[in-house]
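Visitor: I would like a close look at a single part of this structure. Please take me through the charged side chains that pair up, and what surrounds them.

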Amino acid sequence: MRYRLTFISGVAVGYVLGARAGRDRYEQLRKTAQQIAQNPAVRNTVESASTNGRAFARKAAGSLADKAGERLPDSVTDRVPYLRERSGAAEDDWGTSNT
């Protein structure tokens with residue numbers, strides 16, 4: 001309950017301060033945020049972080065699938081495309097490829 005009360009009071013204080021700042025301050029903050037987002041250094045950093053994050057997620061998913069695939073029954077691994085590929089099954093029950 002204490003955290004909920006703290007959150008609600010924070011929202012109320014933020015609303016009051018935001019309302020007092022007015023539209024001009026909002027526009028100023030928006031323009032500044034837009035300039036930061038369009039900065040080439042920021043864009044490159046975001047892109048590399050995104051690429052690294054995807055690579056890490058693929059690696060983690062593969063590792064997890066390897067560990068889980070060894071412990072799961074065949075009825076489950078047959079239904080998960082990645083695990084099915086590892087087991088060597090080329091087609092599913094419908095005669096189509098693993099898509």
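Guide: What follows goes from the whole chain to the paired side chains, then to a nonpolar patch.

Start with the setting. This is a predicted model. The chain holds four helices and zero strands. Read from the N terminus on, its elements run α-α-α-α. The chain has 99 residues, and 6% of them count as buried. Its accessible surface comes to about 8,900 Å². Carbon and sulfur atoms account for 57% of that surface.

Now the charges. Side chains of opposite charge can pair when their charged atoms come close. How many salt bridges does a search of the whole structure find? The count is two.

Take Arg23 and Glu27. Their side chains meet in a salt bridge, at 3.1 Å from N to O. That falls within the 4 Å cut-off for such a pair. Look at the spacing along the chain. Arg23 and Glu27 are four residues apart in helix α1, so about one helical turn separates them.

Next, Arg30. Arg30 forms a salt bridge with Glu27 as well, and here the closest N and O atoms are 3.0 Å apart. Arg30 and Glu27 both lie in helix α1. They are three residues apart, about one turn of the helix. Salt bridges that share partners join Arg23, Glu27 and Arg30 into one network. Glu27 is the shared partner, paired with Arg23 and with Arg30.

How open to the surface is each member? Arg23 has 59% relative accessibility, so Arg23 counts as exposed. The cut-off for exposed is over 50%. Glu27 has a relative accessible area of 22%, and is therefore partly exposed. Buried would need a value under 20%. Arg30 counts as partly exposed because its relative accessibility is 37%.

Helix α1 also carries a nonpolar feature. Helix α1 covers residues 2-38, and Phe7 is found in it. Phe7, Ile8 and Val11 make a nonpolar surface patch of about 310 Å². Is Phe7 buried or exposed? Phe7 counts as exposed because its relative accessibility is 58%.

To put the part together: helix α1 spans residues 2-38. Phe7 of that helix belongs to the nonpolar patch with Ile8 and Val11. Arg23, Glu27 and Arg30 form the one salt-bridge network.

Terms used
Residues are numbered from 1 along each chain as its sequence is written. This is a predicted model: local features need pLDDT of at least 70, side-chain atom pairs count only at pLDDT 80 or more; totals for chains, interfaces and linings use all residues. Side-chain values use heavy atoms; hydrogens and water are left out. Patches are made of residues with over 30% relative accessible area and no salt bridge: like charges are joined within 9 Å, nonpolar side chains (Val, Leu, Ile, Met, Phe, Trp, Tyr) within 5 Å. Accessible areas come from the Shrake-Rupley method with a 1.4 Å probe; for residues, only the protein chains shown count as cover. Helices (H or I, at least four residues) and strands (E, at least two) are DSSP runs, numbered from the N terminus. Buried means under 20% relative accessible area, exposed over 50%, partly exposed in between (1.4 Å probe, protein chains only).
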